Amino acid sequence: EASPEPRSGRSAALRARMEERLLGARFRYLNQQLYTGSSQDAARLFRADPAAFHLYHQGFERQVRRWPERPVQRIVRYLRRRPASLVVADFGCGDCTLAASVRNQVHCFDLVPLSPRVTVCDMAKVPLAAESVDVAVFCLALMGTNLQEILGEANRVLKLGGTLMVAEVASRFEDTHAFLKAMMQLGFKTVSKDLSSSYFYLLEFAKTGQARPGPAPGLRLRPCLYKRR
Ligand code: SAH
C-alpha cells in the first residue's frame, strides 16, 4: 500500500496556495474599499469586522516590504534632525513604527489598535485640542475620499507654522501642481517636495493659516489599487 504522505503533502501545499490567493483577493478588495469610500466608511467597516483590519495590515506589510525603502523611515530620519521637543500626531499610524523610532511625544491614531499606543478614532476627528501639535504626519494614510475634511483636521490641530508631512504612493498623484495649489487653499504652503522615488512622494508643508472654505477641486488622489500577482 502506498504511503499517504506524498499525497497529503501535495494537498497541504495546494491548500496553502489557495489560502494565499484568497487572502490576496480579500486584501485587494478591502484596500479598494478603503480608497473608494470616506474615512467614516472605513471606520464603520473595521468596527464591524476587526479581523478585516488585521488582514488588511498583513497585505499592506507584504506590499511595502517589496519597496526599496519604507516611507516611514524617511519621516523618522526627518524627525531625528529636528528637536525632540516637537509634538507629533501620526494619522493612520499602523503599527506605530514612527512613535517607536523617535524621542518625540507622538499621538498615534488609527481605526484599530495594532499597538497599545494607538488612540482608536477616525482620522477626520481626532481627540486633540486645536493648535496643539508641531508636526502632523500622513504616511501612506490619505486613504478616504474625504481628503479635504481629513487635511482640515490636521490643519486644526497644527500650530501656526507647524509642519505637515505627507508620504504617498507616487502613482496616486494625477496632477501634483493642482494638488499643491489645493493645499494652499487648505492653509498649507509647500516647503519641500521629493518626487525622486518612483514608489512614493514625500511632501513637506507648513501651516500658513486656517483652511479657506469652499471646494478644492485639485485635491484629488487616485485610489491605490494593487494588481493580482
Ligand atoms: N503610517 C503607517 C501605516 C500606513 S497603512 C506606515 O507608514 O507604516 C494606512 C493606515 O491608515 C492603516 O493602518 C489604516 O488602518 C489607517 N487608516 C485608514 N483610514 C483611517 C481612518 N479613517 N482613520 C484612522 N486611520 C485610518
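Author: A residue is buried when its relative accessible area is under 20%, exposed when it is over 50%, and partly exposed in between, with a 1.4 Å probe and protein chains only. The model is predicted, so local features need pLDDT of at least 70 and side-chain atom pairs pLDDT 80 or more, whereas totals for chains, interfaces and linings use all residues. Residues are numbered from 1 along each chain as its sequence is written, and side-chain values use heavy atoms, leaving out hydrogens and water.

Reader: Does Trp-67 then count as buried or exposed?

Author: Trp-67 counts as buried because its relative accessibility is 12%. For contrast, Tyr-199 has 34% and therefore counts as partly exposed.

Reader: How do I read the covering of a strand, and how many residues of β7 are buried?

Author: In a regular strand the side chains alternate between the two faces of the sheet. Helices and strands here are DSSP runs numbered from the N terminus (helices H or I, at least four residues; strands E, at least two). Strand β7 spans residues 200–207, and 8 of its 8 residues are buried. One side carries Phe-200, Leu-202, Glu-204 and Ala-206; the other carries Tyr-201, Leu-203, Phe-205 and Lys-207. Both faces are covered.

Reader: Which strands are joined to β7 by bridges?

Author: Two strands pair if DSSP finds at least two bridges between them. Strand β5 (residues 158–169) runs antiparallel to β7 and is joined to it by 7 bridges; there, Met-165 stands opposite Glu-204. Strand β6 (residues 188–194) is also antiparallel to β7, with 6 bridges. Thr-190 has Phe-205 of β7 as its bridge partner. The two strands β6 and β7 make a hairpin, with 5 residues between them.

Reader: In which direction does β1 run relative to β2, parallel or antiparallel?

Author: β1 and β2 run parallel and are joined by 4 bridges, one partnership being Asp-90 with Cys-108 in β2. On to strand β3 (residues 118–120), β2 makes 3 bridges, again parallel, and Phe-109 is paired with Thr-119 of β3. Strand β2 (residues 106–110) has 4 of its 5 residues buried, so the rest of the structure largely encloses it.

Reader: Why is helix α4 described as largely enclosed?

Author: Helix α4 (residues 71–80) has 7 of its 10 residues buried, and therefore the rest of the structure largely encloses it. The buried residues are Pro-71, Val-72, Arg-74, Ile-75, Val-76, Tyr-78 and Leu-79. They pack against β1 (88–91), α5 (97–101), β4 (133–139), β5, β6 and β7, where contact means heavy atoms within 4.5 Å.

Reader: How are aromatic pairs read, and how many does a search of the whole structure find?

Author: A pair of aromatic rings is described by the distance of the centres and the angle of the planes. Rings of Phe, Tyr and Trp (its six-membered ring) pair if their centres lie within 6.5 Å; planes under 30 degrees apart are stacked, over 60 edge-to-face and the rest tilted. The search finds 11 aromatic pairs. Among them is the stacked pair of Tyr-56 and Phe-60, 6.4 Å centre to centre with 25° between the planes. These two residues are 4 apart in helix α3 (residues 50–65), and so about one helical turn separates them. Tyr-56 and Phe-60 are both buried. The Trp-67 and Tyr-199 pair is tilted, because its planes lie at 45°, with ring centres 5.5 Å apart. Trp-67 is in the loop between α3 and α4, and Tyr-199 in the loop between β6 and β7, so this pair ties together parts 132 residues apart in sequence.

Reader: Which residues do ring pairs link into a cluster?

Author: The cluster consists of Phe-27, Phe-46, Phe-53, Tyr-56 and Phe-60.

Reader: Which side chain makes a polar contact with that of Ser-39?

Author: A polar contact is a pair of N or O atoms within 3.5 Å; within protein, one must be able to donate a hydrogen and the other to accept it, and residues adjacent in sequence count only if both atoms are side-chain atoms. The partner is the side chain of Asp-122, at 2.9 Å. Ser-39 belongs to helix α2 (residues 39–48) and counts as buried because its relative accessibility is 6%. Leaving aside residues up to four places away in sequence, Ser-39 touches Asp-122, Ala-124, Gly-144, Asn-146 and Ile-150.

Reader: How many residues surround the ligand, and which are closest?

Author: A residue is near a molecule if one of its heavy atoms lies within 4 Å of it. There are 18 around the ligand, with His-57, Gly-92, Asp-110, Met-123 and Cys-139 the closest. The side chain of His-57 has an N or O atom 2.7 Å from a ligand oxygen atom. Met-123 has a backbone N or O atom 2.9 Å from a ligand nitrogen atom, and Cys-139 likewise has a backbone N or O atom 2.9 Å from a nitrogen atom of the ligand. Of the 570 Å² of accessible area that the ligand has on its own, the protein covers 98% (Shrake-Rupley method, 1.4 Å probe; for residues, only the protein chains shown count as cover).
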